[in-house]
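Visitor: I would like a close look at a single part of this model, and then an account of what lies around that part.

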Amino acid sequence: MQLKIYNSLTAEKEIFTPIHENNVGMYVCGPTVYSNVHLGNVRTFLSFDFIYRSLMHLGYKVRYVRNITDAGHLTDDGDVNNDRFVKQTRLEKLEPMEIVQKYTVDFHKVLEMFNLLPPNIEPTATGHIVEQIELTQKLIEKGFAYESNGSVYFDVLQYNKRGLNYGELSKRNIEELFANTRDLDGQGEKKNPQDFALWKKASPAHIMRWNSPWGEGFPGWHLECTAMSTKYLGDKFDIHGGGMDLKFPHHECEIAQGKACNDVEPVNYWMHANMLTMNSQRMSKSTGNYILPKQLVSGENDFFEKPFHPTIVRFCFLQAHYRSVLDISNDAMIASEKGFTRMMEAVKVLNSITPNDQKESGFILKEWKTKAYDALTDDFNSPVLIAHLFEAVKFIFALKEEKETVSTEDLADLKSTLNALIFDVLGLQNIEENNNEKLDQTLQVLIELRNQARKSKNFELSDQIRDKLLAEGIELKDGRDGTSYVLN
């Protein structure tokens, strides 16, 4: 199995060769925690969760780093009032770190809801101010950056004059951009309009500020990822991921910072997840075509006819390749729910199948596994992998109807492979099992309340709990070892 990854830098699928054998260093740009994580963000992080799971399943030891941007996210380098944290603190009348804490907690809860594995390291921008200042000093010393009125900017023109290529990832012709904006050169603090901030001078009203050699200020948005990725993965690492919207300028700036600082190409494989649309339209608060992840799960929205379990949403998302635009709609979610239910039913049926070693298996397992893993290793092609899983589902129902046979060895292999691909790699969860677990937890609480009522001689309440549960088909049984229950 030879893993191929589409590299955004070369715009080609390439055979994956890690820098260190059997080890992968992967950095994914995390959230800017100034508001609730939106569904498009979930799609990106879920895509890289699938990639992370796949790499581990294929035998790689992965160090997965995903940052938290909790400072310095400017929408415009020229105006410190465009700092998203500053805007949100004014809107909610909270301290900046209260905003950070509030939305970091929300981010973790949402990702946990969709069964995303946590990264190995989750560094924050504010926790790496020292490293960002050191990088800025190094870039100034090497002639790639300059100080202007207490702020520091990366000199894009100087970078290109040294034979480097700002614009190589996004395939932009920076020389043309310079020519088109030459009349603006020299205006403001920047030498050139394309230069980007490494460090910004804080205005008197700016709350998030740190001391630096250039005065009090805060780091630029692009610098944090270079500082944290190189600290935990080295000057050059295997995979850098993020949403398609980060390709320019964020990732372009990261490449420039890494090359200028360390004289090496910082990343071998750049990976970008595509956007999410709803009802064939871009999701946007301004147009009203917008829904939060929790609203999709709870059903509290005007777009979907019912609530959908998080694992159904996950299954829906994985039916599109991570590089393709994913469109969600009520019909798409209903279809995903039906497909998921059929898949889980097949998993359940498989456990009740009796093998037949007297006849040859009607399913050529080796060929099927090869096709499934070919999809997985072909740039993590989840929709094709799922299609192959449904070939196995079809065979399982044929076994149930005794239209096919399977040997003991093939049955064990099929069970093992299906469980690994469905639960470990795709990260799906069996809803029925989760509901049973919640039911058990709820009943244990009621049993404890009944025991307390009996202990305090409140037999009326004790009998009421027992009788109401019995009416719902749940019989309580008192024994020497305590109280148990039976579902009738």
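In which helix does Asn 262 lie? Please start there and work outward.

Guide: The model is predicted. Asn 262 lies in helix α8, which covers residues 247-262. With a relative accessible area of 16%, Asn 262 falls under the 20% limit and therefore counts as buried. Leaving aside neighbours within four places in sequence, Asn 262 is in contact with Lys 138, Lys 142, Thr 230 and Asp 235.

Helix α8 also holds Pro 249. The peptide bond that leads from Phe 248 into Pro 249 is cis, and its omega is near 5°.

The strands on either side of α8 in the chain come next. Strand β9, residues 237-243, pairs with β10 in the parallel sense, over six bridges. One pairing can be named: His 240 has Trp 270 in β10 as its bridge partner. Between the two strands the chain passes through helix α8, and this β-α-β crossover is right-handed. Strand β10 spans residues 267-273; six of its seven residues are buried, so the rest of the structure largely encloses the strand.

From Asn 262, one of the contacts leads to helix α4. Lys 138 is a contact of Asn 262, and helix α4 comprises residues 129-141. An open sheet of four strands, in the order β5-β6-β7-β8, has antiparallel pairing. Its edge strands are β5 (145-148) and β8 (217-219), each of which pairs on one side only. On average, and with direction ignored, neighbouring strands of this sheet are turned by 20° against each other. Helix α4 packs on the sheet and touches β5, β6, β7 (196-201) and β8, while its direction makes about 120° with that of β7. Within the sheet, β5 and strand β6 (residues 151-154) run antiparallel and are joined by four bridges. Tyr 146 stands opposite Tyr 153 in β6.

A further sheet is open and has three strands, ordered β12-β11-β13, with mixed pairing. The edges are β12 (281-282) and β13 (326-328), and each pairs on one side only. Strand β11, residues 276-278, runs parallel to β13, with three bridges between them. Thr 277 has Asp 327 in β13 as its bridge partner.

A helix pair can be added to this picture. Helix α1 (residues 39-57) and helix α14 (residues 408-425) have axes that come within 10 Å and cross at roughly 140°, which means that α1 is oblique to α14. From α1, the residues Phe 50, Arg 53, Ser 54 and His 57 meet Ala 420, Leu 421, Phe 423, Asp 424 and Val 425 of α14. The residues of this contact divide into five nonpolar, two polar and two charged.

Two loop residues remain, each with a positive phi although neither is glycine. Ala 11, in the loop between β1 (4-7) and β2 (12-15), has phi near 60°. Its relative accessible area is 40%, and Ala 11 is partly exposed. Asp 379 is found in the loop between α12 (365-377) and α13 (382-400), with phi near 55°. Asp 379 is buried, at a relative accessible area of 0%.

Definitions and conventions. Residues numbered from 1 in each chain as written. Predicted model: local features only at pLDDT ≥ 70, side-chain atom pairs only at ≥ 80, totals over all residues. Heavy atoms only, no water. Buried < 20%, exposed > 50% of the residue type's maximum accessible area, 1.4 Å probe, protein only. Pairing = 2+ DSSP bridges. Right-handed = clockwise from strand over helix to strand, strands pointing away. Axes fitted to C-alpha atoms, helices over the stretch in contact; angles between N-to-C directions. Parallel < 35°, antiparallel > 145°, perpendicular 65-115°, else oblique. Contact = heavy atoms within 4.5 Å. Nonpolar A, V, L, I, M, F, W, Y, C, P; charged D, E, K, R; others polar.
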